[in-house]
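The following note is meant for a colleague who is meeting this structure for the first time. Please read the numbered points with the sequence and the model at hand.

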Amino acid sequence: MAHFDLDYFSLAGKNALITGGSYGIGFAIATAYAKAGATIIFNDRSSESLDRGLKAYADLGIKAHGYVCDVTDEDAVQQMITEINENIGVIDILVNNAGIIKREPMLEMSADDFRQVIDVDLNGPFIMSKAALPGMIAKGHGKIINICSMMSELGRETVSAYASAKGGLKMLTKNIASEYGASNIQCNGLGPGYIATPQTAPLREKQADGARHPFDQFIIAKTPAQRWGQAEDLAGPAVFLASDASNFVNGHILYVDGGILAYIGKQP
Ligand code: NAP
Ligand code: GCO
């Protein structure tokens, strides 16, 4: 890497697995990776979501390989990775994107609900990374990108489980970087701000009188960019973290938040 070359951003010849890639942020990242030259592989929990994703990729002219696989099921994940290795090749880029949220005040939240969020948002990335790492190590390189959150840094009412999981995911990211950096593995986090996807739709629902949801107004006031992010806002940073251009970036969380974490907020 003596001289900088724009080819360092290319993902040509790379196999990229994006978990929960049928729609939302995962779909936008996978689409960007396809444009950068990667072969796209994704998984989802249900065949309905999988079919929806396969059609959406095909509509864009992208040939994607889809699997039904729950990221919390270690046996199913191991089987999926084995099938990918045999039928497509070793995974060069893993994006741990699949995630859920349950917005409930902590005192009303059951321990089962708490565990479920931790299981998908934190145990899932552990299980996926554990399954993908041996192939990456044997191949001599690998990129793991964990989709973190504002809640990797901040708390707020009703998201105790989600914040615990995303804070933990930030530290899993740093630990994978620490443990496998010597094997030329780079593990970084991408921390989206408030992005307009199905996950955040309840926070943007119009009021009965047609007014904007108070949370919607709050986010606009809290974001220097004064807008919600779009899933596509994550495309460039996600390509960077998957490419050779970031080969000496390890254990970093790149926040893509329109400036939220830099800003104290607008005076009411
Ligand atoms: P989304 O619209 O709800 O999509 C989530 C995806 O994950 C869906 O494809 C879903 O599939 C899949 N999924 C959920 N549980 C799964 C499991 N156990 N196994 C496999 N797939 C599973 O969410 P999003 O807004 O695009 O968010 C994607 C990631 O970014 C999440 O980790 C989220 O926490 C994070 N994030 C989002 C925002 C935001 O503002 N939207 C901000 C920061 C971080 P199904 O159809 O089967 O449910
Ligand atoms: C919430 C939101 C957040 C976002 C995102 C912020 O209820 O506060 O859903 O958790 O989804 O993760 O970065």
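Which ligand has an oxygen atom 2.6 Å from a polar side-chain atom of tyrosine 194? The answer opens point 1, and it should be said at the outset that the model is predicted.

1. Surroundings of ligand 2. The oxygen atom in question belongs to ligand 2, and a polar side-chain atom of tyrosine 194 lies 2.6 Å from it. Glutamine 199 also takes part, with an N or O atom of its side chain 2.5 Å from an oxygen atom of ligand 2. The backbone contributes as well: a polar backbone atom of methionine 150 is 2.9 Å from an oxygen atom of this ligand. Ligand 2 has 14 residues around it, of which Arg103, Arg156, Tyr162, Tyr194 and Gln199 come nearest.

2. Surroundings of ligand 1. This ligand is surrounded by 28 residues, and the closest are Asp44, Arg45, Ser49, Tyr162 and Thr197. Three side chains may be inspected individually. A polar side-chain atom of arginine 45 is 2.4 Å from an oxygen atom of ligand 1. For tyrosine 162 the corresponding distance is 2.6 Å, and for tyrosine 23 it is 2.9 Å. Tyr162 deserves a second look, since it is listed among the closest residues to ligand 1 and among the nearest to ligand 2.

3. Aspartate 121, a buried acidic residue. Aspartate 121 is located in helix H4. Although buried, aspartate 121 has no salt bridge, because the nearest side chain of opposite charge, lysine 166, is 4.8 Å away and a salt bridge requires a distance within 4 Å. What does the side chain of aspartate 121 reach at 2.8 Å? Its partner is the backbone nitrogen of isoleucine 100. Beyond its neighbours within four places in sequence, aspartate 121 contacts Ala98, Gly99, Ile100, Tyr162, Ala165, Lys166 and Leu169.

4. Methionine 136, in the same helix. Helix H4 comprises residues 111–139 and includes methionine 136. With a relative accessible area of 0%, methionine 136 is buried. Residues up to four places away in sequence aside, it touches Val90, Ile91, Asp92, Ile93, Leu94, His141, Gly142, Lys143, Ile144 and Ile185.

5. Asparagine 184. This residue belongs to the loop between H5 and strand E6 (185–192). Asparagine 184 is partly exposed, at a relative accessible area of 34%. Its contacts, residues up to four places away in sequence not counted, are Gly140, His141 and Gly142. Asparagine 184 and lysine 139 are separated by 45 residues in sequence and by 9.6 Å in space, C-alpha to C-alpha.

6. Salt bridges. How many salt bridges does a search of the whole structure find? The search finds 8. One of them joins the side chains of aspartate 244 and lysine 14, at 3.8 Å from N to O. Because aspartate 244 lies in the loop between H7 and strand E7 (253–256) and lysine 14 in the segment before strand E1 (15–19), this pair ties together parts 230 residues apart in sequence. Lysine 14 is buried, with a relative accessible area of 14%, whereas aspartate 244 is partly exposed at 31%.

7. Two further pairs. Lysine 130 and glutamate 74 meet through their side chains in a salt bridge of 3.0 Å, N to O. Lysine 130 is in helix H4 and glutamate 74 in helix H3 (residues 74–87), so the pair links parts that are 56 residues apart in sequence. Lysine 130 counts as partly exposed at 41% relative accessibility, as does glutamate 74 at 32%. Arginine 227 and aspartate 233 form another salt bridge, their closest N and O atoms being 2.9 Å apart.

8. Backbone angles and helix H6. Two residues other than glycine have a positive phi: about 80° for threonine 158 and near 55° for glutamine 226. Threonine 158 sits in the loop between strand E5 (142–147) and helix H5 (160–180), and glutamine 226 in the loop between helix H6 (214–222) and helix H7 (235–242). Within H6, the residues Phe215, Asp216, Ile219 and Lys222 are buried. Their arc around the axis is only 130°, which means that they lie on the same side of H6. In an α-helix there are 3.6 residues a turn, so residues three or four places apart point the same way.

Notes:
Residues are numbered from 1 along each chain as its sequence is written. Chains are lettered from A and ligands numbered from 1 in the order in which they are written. This is a predicted model: local features need pLDDT of at least 70, side-chain atom pairs count only at pLDDT 80 or more; totals for chains, interfaces and linings use all residues. Side-chain values use heavy atoms; hydrogens and water are left out. Helices (H or I, at least four residues) and strands (E, at least two) are DSSP runs, numbered from the N terminus. Buried means under 20% relative accessible area, exposed over 50%, partly exposed in between (1.4 Å probe, protein chains only). Contact means heavy atoms within 4.5 Å. The arc is that of the directions from the helix axis to the C-beta atoms. Lys and Arg count as positive and Asp and Glu as negative; His and the chain ends are not counted. A polar contact is a pair of N or O atoms within 3.5 Å; within protein, one must be able to donate a hydrogen and the other to accept it, and residues adjacent in sequence count only if both atoms are side-chain atoms. A residue is near a molecule or strand if one of its heavy atoms lies within 4 Å of it.
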